[in-house]
Amino acid sequence: MNHQSSIAGEPIALRLGSFAAHATVGPRARETVRLLMLDVAGLCVAARHTDYVRAALASTASQGSATAIGHAGGLGPYDAALVNGTAAHGEDFDDTFEGGPVHAGAVIVPAVLAAAEHRGLSGEAVLRGIAVGTELMCRMSLVAPQAIHKACFHPTAVIGAPAAAAAVASALDLPPKLIAHAIGIAGSLASGIIEYLADGSWTKRLHAGAAAQAGIRAAFLAEAGFLGPATVIEGHHGFYRAFAPSKTPDFAPLLDGLGESWILETLAFKPYACGTMTQPFVDCAIALAKQGVKAEDIVSLECEVGEGTVHRLWEPLALKQSPPNAYAAKFSTPYCIAVGFMDGGAGLGQFTEERVAEASVRALAAKVSYVIDPANEYPRNFSGHIKATLRDGTVREARQPHMRGGAHEPLSTADILQKFHDNAAFGGWERRRSGEVEAALDRIAAGGSVDLTAARG
């Protein structure tokens with residue numbers, strides 16, 4: 001389906017609204033939603049004592065029945081969604097969608113849970129809303145690949161707002177026309193630029209929470225009768241013209257099979273707490289270390305990369321080789337390679353200010369460079385490659401053909417549950433406490449009551 005043919009028929013927002021209103025979520029998609037809620041909750045707990053979450057909490061101005069996970073008391077839905085979304089995305093350890101990339105869980109889960117607690121919705125409504133929003137967020141990311149980033153916007157931020165609007169509207173059981181209005185309204189609430197890459201500042205963390213908040217606002221406005229443009233997606237002044245102007249949108253990936261197949265089932269759960277496209281390179285670094293390569297013997301580490309990743313993860317190269325702070329290090333492939341090689345992983349402990357400042361890690365990161373591989377499959381597939389040249393002239397190579405944790409090599413259910421409990425422990429919860437929250441989320445996923453009392457404090 002091309003751009004013009006989509007305009008000639010029913011407005012796309014109304015087609016999305018019809019899907020959101022009538023979606024039937026199958027068993028595999030339901031299980032993905034369950035794991036997604038657990039992953040998001042664990043990340044919220046892991047980040048609860050950070051400066052950026054404290055700042056988000058301090059900015060709140062409401063009291064209510066919605067939970068800020070890991071914190072006492074209740075907030076209004078907008079504030080709870082902002083805090084939880086910011087916390088869930090804050091360490092860049094949240095789920096991702098290969099092909100986007102977008103981080104759906106940190107937007108959609110906080111939005112729907114906050115609205116559900118505020119309105120007293122059922123677990124079944126929550127499950128449907130999260131499934132709908134996640135599916136639309138993933139599909140919308142495929143319409144104009146790389147073009148949103150090229151326009152200096154963050155896809156998770158801008159796509160997250162209309163997807164969260166559809167998610168909340170679906171959970172509220174609104175009819176298709178009102179869901180379409182919610183999507184239309186959200187088009188004017190969507191935002192989020194990527195200038196954080198210049199200095200490792202915190203706005204990327206905020207993007208998920210702001211999008212979740214915007215989605216709730218749009219859904220509540222539409223429910224109350226506020227009107228949004230029906231052609232928000234495909235219109236001459238619409239979403240993709242504004243946020244992805246360099247590419248003609250192809251709406252086939254958004255609409256084909258919608259309601260029949262669920263691409264959310266292919267979500268990737270990250271094994272490492274850093275940028276999505278750095279993850280296969282971390283695996284390559286670990287593989288080289290396991291081959292017996294020693295840091296002191298390395299002369300250079302050269303990586304073959306996809307051109308679309310360079311401006312975010314590789315350039316300016318000198319800055320990426322010496323990131324200014326721990327958050328910037330998450331989007332530095334040279335640092336992620338170096339710390340992965342030296343520590344055998346890239347978890348939360350590898351992204352502290354102290355670890356990022358260590359001379360040995362920086363010395364190895366300074367030896368990392370890249371060449372563009374014209375045949376690289378990005379963004380359809382995230383792969384990694386490192387060629388290590390050693391002091392004795394020998395060359396060692398490692399390749400990772402796909403992202404571990406993604407569709408080609410998914411983490412097991414046990415791995416994802418362990419990640420949830422590990423992140424909760426990192427945030428100071430005992431196993432008993434995280435077990436109670438696991439049970440509460442399992443009840444929601446089974447269609448039962450929405451009670452997150454155990455997640456407070």
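Why is helix α10 (residues 176-186) described as largely enclosed by the rest of the structure? Before selecting anything, keep in mind that the model on your screen is predicted.

**First stop: helix α10**

Select residues 176-186 and show their side chains, and you will have helix α10, which is largely enclosed by the rest of the structure because 8 of its 11 residues are buried. The buried residues are Ile179, Ala180, His181, Ala182, Ile183, Gly184, Ile185 and Ala186. If you then add residues 12-22, 155-171 and 203-223, you bring in α2, α9 and α11, which are included in what covers the buried residues of α10.

**Second stop: two helices that cross**

Now select residues 27-46 for helix α3 and residues 123-140 for helix α7, which pack with their axes 10 Å apart and at an angle of about 95°. That angle makes α3 roughly perpendicular to α7. To look at the place where the helices meet, colour Arg30, Val33, Leu36 and Met37 on α3, and then colour Glu124, Val126, Leu127, Ile130, Ala131 and Thr134 on α7, since these are the residues that meet there. The spacing along a helix helps in reading such a list, because an α-helix has 3.6 residues a turn, so residues three or four places apart point the same way.

**Third stop: the cysteines**

How many disulfides does the structure hold? There are 0, and selecting Cys44 shows one case: its closest cysteine sulfur, in Cys138, is 18 Å away, which is too far for a bond. Cys44 has 0% relative accessibility and therefore counts as buried, whereas Cys152, at 46% relative accessibility, counts as partly exposed.

**Fourth stop: Ser261 in its loop**

Move next to Ser261, which you will find in the loop that lies between α13 (252-255) and α14. With a relative accessibility of 37%, Ser261 counts as partly exposed. Leaving aside residues up to four places away in sequence, Ser261 touches Glu135 and Arg139. If you also select Tyr335, which is 74 residues from Ser261 along the chain, you can follow a separation of 38 Å between the C-alpha atoms of Ser261 and Tyr335.

**Fifth stop: the sheet**

In which order do the strands of the open sheet stand? The 4 strands follow the order β2-β1-β3-β4, and their pairing is mixed. Select residues 368-372 for β2 and 395-400 for β4 to see the edges, where each of these strands has a single partner, so one side of each is left without a neighbour in the sheet. On average, and ignoring direction, neighbouring strands in this sheet are turned by 20° against each other.

Within the sheet, zoom in on β3, which is mostly covered, with 5 of its 7 residues buried. On one side, β3 (residues 384-390) pairs with β4 in the antiparallel sense over 6 bridges. You can trace this pairing by selecting Gly384, which stands opposite Gln400 in β4, then His385 with its bridge partner Arg399, and then Ile386 with its bridge partner Ala398. The hairpin of β3 and β4 has 4 residues between the strands, and in this hairpin Gly393 takes a positive phi near 90°. The pairing of β3 with β1 is also antiparallel, here over 4 bridges, and Leu301 with its bridge partner Ala388 in β3 is a place to look for it.

**Sixth stop: helices on the sheet**

Keep the sheet visible and add residues 279-290, which form helix α14; this helix lies across β1 (298-305), β3 and β4, and runs at about 35° to β3. Then add residues 333-343 for helix α18, which packs on the sheet and touches β1, β2 and β3, its direction making about 125° with that of β1.

**Last stop: two recorded regions**

To finish, colour the chain by two regions that UniProt lists in unreviewed entries. Residues 27-251 are listed by UniProt as "domain: MmgE/PrpD N-terminal", and over this stretch the chain is 59% helix and 0% strand, with its end C-alpha atoms 27 Å apart. Residues 272-442 are listed by UniProt as "domain: MmgE/PrpD C-terminal", and over this stretch the chain is 43% helix and 15% strand, with its end C-alpha atoms 25 Å apart.

Technical notes
Residues numbered from 1 in each chain as written. Predicted model: local features only at pLDDT ≥ 70, side-chain atom pairs only at ≥ 80, totals over all residues. Heavy atoms only, no water. Disulfide = S-S within 2.5 Å. Buried < 20%, exposed > 50% of the residue type's maximum accessible area, 1.4 Å probe, protein only. Helix = DSSP H or I, 4+ residues; strand = E, 2+ residues; numbered from the N terminus. Contact = heavy atoms within 4.5 Å. Pairing = 2+ DSSP bridges. Axes fitted to C-alpha atoms, helices over the stretch in contact; angles between N-to-C directions. UniProt positions renumbered as here; feature names shortened; annotations may be inferred. Parallel < 35°, antiparallel > 145°, perpendicular 65-115°, else oblique.
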